[in-house]
Every structure is written in structure tokens, then in C-alpha cells.
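Got the viewer open? Here is a short tour of what to select next and what you'll find there.

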Amino acid sequence: EYGVDALRFALADAGDDLEDANFVDDVANATILRLTKEESWISEVISSSKTNTSDYRTGPATTFHDLIFENEINIHFKAMKKALDEMQYHQALANGIFPLYNARDLYRQNETTGYNIDLLKRYIESYIIVLNIFCPFYASHIWKDVLQYTSDINTQLFPIIGTIDHQLVAKQDYLAKLRSNIVSRLSRANQVRHKKFKLETDYNHMIITVAEKLPQWQAFINE
């Protein structure tokens, strides 16, 4: 019913402990759809990066969202390496592959100054190398036919893990909570606007005031 890659991925996701494995058909089906979607996206990135009209940037990570994405890559590959060393394949997916998808999607959603093509290529190459553990035929196809590398993917070492910036993690968490609060408050404000004032239009913007320095008492405590 399923190809080898989808089957291996679903089996890895089924669990690591001594309890009965929980093979889920929906995971295998979702894997087929996801891998197809990933191939389409990777092909689009590689093709677009070769044209002069693309909006991609080159060079090291420089923008805030570049740095966030780069940090997320390091965090999740480190977690995946630990899980794989312990032969915890479900944890490798849960703490590595799946969060990497989310990090990449958030980068595409939030970055407004053009994507960093070198950072995206690092993500793609590293992702395919580790995915080869679970989906070898798919990974080999992407490596040779889409990325057009002549080397054998099976000879590639685990991706190099860079330094993790924990302060950047704290900033990211703060902004995520702030965004959630903003969305929640806008939703409540629009409900009041509709019910109490009988207005059909929604609030569509918010002014956020950012302090340039801490209040004197907080600065004193931090010292």
C-alpha cells in the first residue's frame, strides 16, 4: 500500500519504547503528501536562485529572522543528533524533522527583506542528509536529480551544528508570546466593536510602544 520511504518514516514515528508500536496509516499518507510538497518547494528555490530576477539575498545570516532561523537549525539538529545517537528515532522526528518544518515555514512567513539563499541551501542540504536516514530513496532522488550533486548522499557526514544563541531563543519566545497576545486582544476588541458599538469593520492595526531602556528600578536590580 505504501512505498518504502513512507513506510520507514511511519515506523520511525511509531515509537521508541518497549510498548506496542503505534503505526498510523495517516502518518504514512501525510508523509507522501509532505515529501511531494517538499520536493516542489526545493525545486522552486533551486530554480529561482539561478535567475537574476530572484529576490534572494546571499551571504551570512544578517537580519533578525535570518538569525532566528539559523539558530533554530542548530537547535533542532543538535536534538536530532542526540536522539539518533541513542537510537530514539521517534524523538529524532519529534525534536528534529518536524520542528525544522515549522522553523522554515515561520522564516518564510516572517522574513520581509528577501530570503537568504545561502541559509535556505544550508537548510535544504542538511535536511536531505538527515532525511536519508528515514527516506533513503527520496533523499537520493533530491540529492542527485534536484540539487544535482554528483557525490553519493550516503557518504555525507551529519551536518555541522553551529553555536546555539540562547539569548536569541529568549527573544524569539518573547516575540511569539507578544504576537499571541496582540492577536488575542485584537480579537476581543473587534468583538466589543461589533456587539457594543454595532460597527461592521475590524481594527486593522495597533500601535506598539517600545522602551529604549529599562525603568530605573529595574536597571538598578539588574546591576
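**Stop one: the largest pocket**

Select helix H3 (64-85), H4 and helix H7 (166-195): each of them supplies at least two residues of the lining of the largest pocket. Bear in mind as you click around that this is a predicted model. Which helix gives the most to that lining? It's H7, with seven residues.

The space in the largest pocket comes to about 370 Å³. There are 17 lining residues, and to find the centre you can show His65, Asn110, Leu175, Ala176 and Arg179, which are the closest to it. Colour the lining by class and you'll get eleven nonpolar, three polar and three charged residues.

**Stop two: the second largest pocket**

Now pick Tyr174, Leu178, Asn181, Ile182 and Arg185, then add the run Met206, Ile207, Ile208, Thr209, Val210 and Ala211; together they line the second largest pocket. Its volume is about 160 Å³. The class split here is eight nonpolar, two polar and one charged.

**Stop three: H4 against H5**

Go back to H4 (residues 89-110) and add helix H5 (residues 117-131): their axes come within 12 Å and cross at roughly 165°. That angle is over 145 degrees, so H4 counts as roughly antiparallel to H5. The crossing of H4 past H5 is left-handed.

Turn on side chains to see who meets whom. From H4, show Ile97, Leu100, Tyr101, Arg104 and Tyr107; facing them from H5 are Leu119, Leu120, Tyr123, Tyr127, Val130 and Leu131. By class, this contact has ten nonpolar residues, no polar ones and one charged.

Methods
Residues numbered from 1 in each chain as written. Predicted model: local features only at pLDDT ≥ 70, side-chain atom pairs only at ≥ 80, totals over all residues. Heavy atoms only, no water. Axes fitted to C-alpha atoms, helices over the stretch in contact; angles between N-to-C directions. Helix = DSSP H or I, 4+ residues; strand = E, 2+ residues; numbered from the N terminus. Parallel < 35°, antiparallel > 145°, perpendicular 65-115°, else oblique. Left-handed = near helix turned anticlockwise from the far one by under 90°. Contact = heavy atoms within 4.5 Å. Nonpolar A, V, L, I, M, F, W, Y, C, P; charged D, E, K, R; others polar. 1 Å grid on protein atoms, 1.4 Å probe; cavity = no way out; pocket = protein on both sides within 12 Å on 5 of 7 lines; lining within 4 Å. Points joined across faces, edges and corners; volume = space filled by probe spheres on them.
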